[in-house]
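Thank you all for making the time today. I would like to walk you through one structure slowly, part by part, so please keep it in view while I talk.

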Amino acid sequence: MGTRLESPAEQAAEVIDRLFKEYPDTTISLDFSNRLELLIAVILSAQCTDERVNKETEHLFAKYDGPEDYANADQEELAADLDSITYYNNKAGYIREACAIIAAEHDGEVPDTMSELTDLPGVGRKTANVVLQHGHQLIEGVVVDTHVQRLTRRLGITEERSPERIERELMELVPREHWQEFTHLCISHGRATCTARNPDCGECALEDVCPSSKLDSEMDLASGEAW
DNA sequence: CTCCCGATAT
DNA sequence: ATATCAGGAG
């Protein structure tokens, strides 16, 4: 078990402090050169690696340009352009419909409010928060993706399960000036060390404050085997 | 809750 | 073979 009985807020502060030393330059890893490309890249990134999204958007962004271009695209053709991305049929539809709304109702510009963004098909709170933060420099919430969900639970920062509840709790526990950084640190550490399947606790900078560390159970096992 | 759904690591 | 990847809709 973790060595200290820290409050969730103290635990979060310790995590930020230590991970920032390990990943001082962490930031968004999706490639984009304007707000529409950002929106599309984030929609495509659902349950797919950023690496694969970047590989596909390189071709996609060269072929299509502007909301009307996507809105008028043929569904089958756009889906085929995305055929190595997860859920490519759904995502092709989301992109076409979202771009049609952006063209018709938002003067061709990606909206800058949470409600207007989440009204777009394929855009939930997570995607909207990323677009607000990286497209409009507006920090209205904490981006809670699969990595933030997994790490905050393993580290004992939250007991909640739903991304919406975890976000509300993190908005209470983490100072607003660290909201954006907190997500990037969780993602970097989640990819490099605290992986979903087989976390590398031996290399983890948070091992001594992590209630879920494997090392404790291995020591229990070793002492148990000593009989 | 289920469905969507290819590439990759284990 | 199976779990996982910057989720969201019905």
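Into which domains is chain A divided? The division is into domain 1, which takes in 8–27 + 143–209, and domain 2, which covers 35–136, these bounds coming from an automatic or database domain assignment.

Before going further, I should say that this is a predicted model, in which local features need pLDDT of at least 70 and side-chain atom pairs count only at pLDDT 80 or more, while totals for chains, interfaces and linings use all residues. Residues are numbered from 1 along each chain as its sequence is written, chains are lettered from A and ligands numbered from 1 in the order in which they are written, and side-chain values use heavy atoms, with hydrogens and water left out.

Let me begin with chain A as a whole. Chain A has 12 helices and 0 strands, where helices (H or I, at least four residues) and strands (E, at least two) are DSSP runs, numbered from the N terminus. Taken along the principal axes, the C-alpha atoms of chain A fill a box of roughly 70 × 35 × 30 Å.

Now to the two domains and what lies between them. Their C-alpha centres are 27 Å apart, and 8 residues of domain 1 are in contact, meaning heavy atoms within 4.5 Å, with 7 residues of domain 2. The area buried between domain 1 and domain 2, that is, the accessible area (1.4 Å probe) that two parts lose on being put together, summed over both, is about 710 Å², and carbon and sulfur atoms give 50% of it. On the side of domain 1, Val143, Glu167 and Gln180 lose the most area to domain 2, together 61% of what that side buries.

How many salt bridges does the rule find across the interface of domain 1 and domain 2? There are 2, a salt bridge being a side-chain nitrogen of Lys or Arg within 4 Å of a carboxyl oxygen of Asp or Glu. Glu167, which I have just named, forms a salt bridge with Arg125, and the closest N and O atoms of that pair are 2.7 Å apart. On the side of domain 1 that touches domain 2, α11 gives the most, with 3 residues.

The structure as a whole holds 8 salt bridges. One of them joins the side chains of Arg18 and Asp208, at 2.6 Å from N to O. Because Arg18 lies in helix α1 (residues 8–22) and Asp208 in the loop between α11 and α12 (214–225), this pair ties together parts that are 190 residues apart in sequence.

Let me turn to the DNA, starting with strand C. DNA strand C is surrounded by 28 residues, the closest being Asp50, Thr127, His147, Arg150 and Arg197, and a residue counts as near a molecule or strand if one of its heavy atoms lies within 4 Å of it. Of the atoms of DNA strand C that come within 4 Å of the protein, sugar and phosphate account for 63%.

What does a polar side-chain atom of Asp50 lie 2.8 Å from? Its partner is a base nitrogen of DNA strand C, whereas an N or O atom in the side chain of His147 is 2.7 Å from a phosphate oxygen of that strand. The elements that give two or more residues to the surface near DNA strand C are α8 (125–136), α9 (146–154) and α11 (179–192), and α11 gives the most, with 4 residues.

Finally, DNA strand B is surrounded by Arg52, Asp83, Ser84, Thr86, Tyr87, Tyr88, Asn89, Asn90 and Arg197. Of its atoms within 4 Å of the protein, 50% belong to sugar or phosphate and the rest to bases. A polar side-chain atom of Arg52 lies 2.9 Å from a sugar or linking oxygen of DNA strand B, and an N or O atom in the side chain of Arg197 is 3.3 Å from a base nitrogen of DNA strand B. Helix α6 (residues 88–105) supplies the largest share of the surface near DNA strand B, with 3 residues.

Note on methods:
A polar contact is a pair of N or O atoms within 3.5 Å; within protein, one must be able to donate a hydrogen and the other to accept it, and residues adjacent in sequence count only if both atoms are side-chain atoms.
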